[in-house]
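Here's a quick briefing to read with the model open in your viewer. The notes are grouped by topic, so feel free to jump around.

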Amino acid sequence: MYIFAIESSCDETSVSVLRADGNKIEILSNIVSSQISIHALYGGVVPEIASRAHCEAITNVARDAIDKSGISLSELSAVAVTFAPGLIGSLLVGVSFAKALALSLNIPLIPVDHIEAHVAAAYIENEALTPPYLALVVSGGHTSLYKVTDYSEFEEIGASRDDACGEAFDKVGRVMGLPYPGGAAMDKLASEAFEKYDFGKKGALTFPSPAVADNSLDFSFSGLKTAVINHIHNEKQNQKTDVLNDDTRCEIAGAFTKTVCDGISKKLSLALEENKTEYLVMAGGVAANSHLRKAVASVCERRGVKFIVPPISLCGDNAAMTGAAGYYLYKRGLFADSSLNAFASDEAAEEYISNLKEIKAK
């Protein structure tokens, strides 16, 4: 079967065409139109500008995806679309386009949860991956741990109580003066820092851990973000400059990255101790961070758990992951009708899918 998938939850307009059979999912096309250059002017995503850019891009991106896939619209089996969570204006562009296309072709419309889609990206190059397993989602809007009991059954067992990991990376990078988005530049600076500094020795620069100091599996990145930003401001005052010198930026990037990796590793280790699993999947935009990948891989190795992470090209927002999640919803017959709306919150998405499951069960 062929699935046409749309992702527009934030600042990437993406359309993908997938071929799926059994547990084999093949990407025929995966076009991503990024808005980075637009939002870089403001140091972050501006929702109204994002939704307008989606409107301008989606028709051409959809056409390119079909052309590159080598199939015709008449061969499509279903349309999958991210309907939540995300920026409501951006989501509505994708949902509206998907509803119109599904109606015109008289094929099923599949509503996909953005977080579940990030995890589903792991299925594309890992046919052997089957539930149950644990998943760690680290992105601009989420830092959460899940028990994945079935392809479309997620139980959250840990989450950030405030800011997400990716949001902290972006904000710290912006205050440091790194180019937007700050993830790639921070990754490179941290690599240089780990060669120059020993952050394990006494007197090394340290920041508060994002691992909540209790027996939960929760995180808190707000205090860490504030501590790093305050340190940056103090250094600027001490150096009497608006731009930190290279050595200071390098050291801060290293200490910050190590703190994030250590905090996530701590809670992940506890999660693996409490929940026996064969696999641990890490997904989301921050899963592209090379240091976090190494840290999580190390935890999994110590625990005897197989570590799976999508390729970097599928870590950020893209429609291929939406299509992968949509495929398993299709197999369960969980379809939406023309009343499908977009939702900004996780809770609303969960309630909508839960209602679909109840209707299907009857």
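## Helix H11 and what packs on it

The buried residues of H11 are covered by a set of elements that includes strand E4 (78-84), strand E5 (109-113), helix H4 (114-120) and E8. Keep in mind that this is a predicted model. Below you'll find more on H11, then H2, the salt bridges, the nonpolar cores and the cysteines.

**More on H11**

- The residues of H11 that sit buried are Asp346, Ala348, Ala349, Tyr352, Ile353, Leu356 and Lys357.
- H11 runs for 16 residues, and its first and last C-alpha atoms are 23 Å apart, close to the 22 Å expected at 1.5 Å a residue.
- Serine 354 is part of this helix, which covers residues 346-361, and serine 354 counts as partly exposed with a relative accessible area of 33%.
- If you want a long-range reference pair, take serine 354 and methionine 176: their C-alpha atoms are 43 Å apart in space, and the two are 178 residues apart in sequence.

**Helix H2**

- With 23 residues at 1.5 Å each, H2 should span 33 Å, and the 30 Å between its end C-alpha atoms agrees with that.
- H2 has a kink of about 45°, centred on alanine 57.
- Alanine 57 is also one of the buried residues of H2, a list that runs Ala50, Ser51, Ala53, His54, Ala57, Ile58, Val61, Ala62, Ala65, Ile66 and Ser69.
- Many of those spacings are worth reading against helix geometry: an α-helix has 3.6 residues a turn, so residues three or four places apart point the same way.
- The cover over the buried residues of H2 includes strand E1 (2-7), strand E2 (12-21), strand E3 (24-34), helix H1 (36-39) and helix H3 (88-105).
- Right after H2 comes glycine 70, with a positive phi near 85°.

**Salt bridges**

- How many salt bridges does the structure hold? The count is 14.
- Arginine 19 and glutamate 26 pair up through their side chains, at 2.5 Å from N to O. Arginine 19 is partly exposed at 33% relative accessible area, and glutamate 26 is partly exposed at 33% as well.
- Arginine 52 and glutamate 48 form another salt bridge, at 2.8 Å from N to O. Both lie in helix H2 (residues 47-69), and being 4 residues apart they are separated by about one helical turn. Arginine 52 is exposed at 52% relative accessible area, whereas glutamate 48 is partly exposed at 46%.
- Arginine 161 bridges to aspartate 214, with 3.0 Å between the closest N and O atoms. Arginine 161 sits in the loop between strand E8 (153-159) and helix H5 (165-176), and aspartate 214 in the loop between helix H6 (183-196) and helix H7 (222-239), so this pair ties together parts that are 53 residues apart in sequence.
- Arginine 161 is partly exposed at 49% relative accessibility, and aspartate 214 is partly exposed at 34%.
- That pair belongs to a network of salt bridges linking Arg161, Asp214, Asp218 and Lys267.

**Nonpolar cores**

- Which members of the largest nonpolar core touch the most other members? Out of its 70 residues, they are Phe4, Ile25 and Tyr133.
- Helix H10 (residues 319-331) supplies the largest share of this core, at 8 residues.
- Apart from this core lies another one, of 48 residues, including Leu134, Cys165, Leu178 and Leu244.
- Leaving out residues up to four places away in sequence, phenylalanine 4 touches Val15, Ser16, Val17, Ala62, Ile66, Leu76, Ala78, Val79, Ala80, Phe97 and Leu101.
- As background, nonpolar side chains in soluble globular proteins tend to be buried together.

**Cysteines**

- The disulfide count comes to 0.
- Why is cysteine 55 without a bond to another cysteine? The closest cysteine sulfur, in cysteine 10, is 15 Å from that of cysteine 55, too far for a bond. Cysteine 55 counts as exposed, at 51% relative accessibility.
- Cysteine 300 is in no disulfide either, and the nearest cysteine sulfur, that of cysteine 261, is 13 Å away. Cysteine 300 is buried, at 0% relative accessibility.

Definitions and conventions:
Residues are numbered from 1 along each chain as its sequence is written. This is a predicted model: local features need pLDDT of at least 70, side-chain atom pairs count only at pLDDT 80 or more; totals for chains, interfaces and linings use all residues. Side-chain values use heavy atoms; hydrogens and water are left out. A salt bridge is a side-chain nitrogen of Lys or Arg within 4 Å of a carboxyl oxygen of Asp or Glu. Buried means under 20% relative accessible area, exposed over 50%, partly exposed in between (1.4 Å probe, protein chains only). Helices (H or I, at least four residues) and strands (E, at least two) are DSSP runs, numbered from the N terminus. The expected span of a helix is 1.5 Å times one less than its number of residues. The bend at a residue is the angle between axes fitted to the seven residues ending there and the seven starting there. Contact means heavy atoms within 4.5 Å. A nonpolar core is a set of buried Ala, Val, Leu, Ile, Met, Phe, Trp, Tyr and Cys residues joined through side-chain atoms within 4.5 Å. A disulfide is a pair of cysteine sulfur atoms within 2.5 Å.
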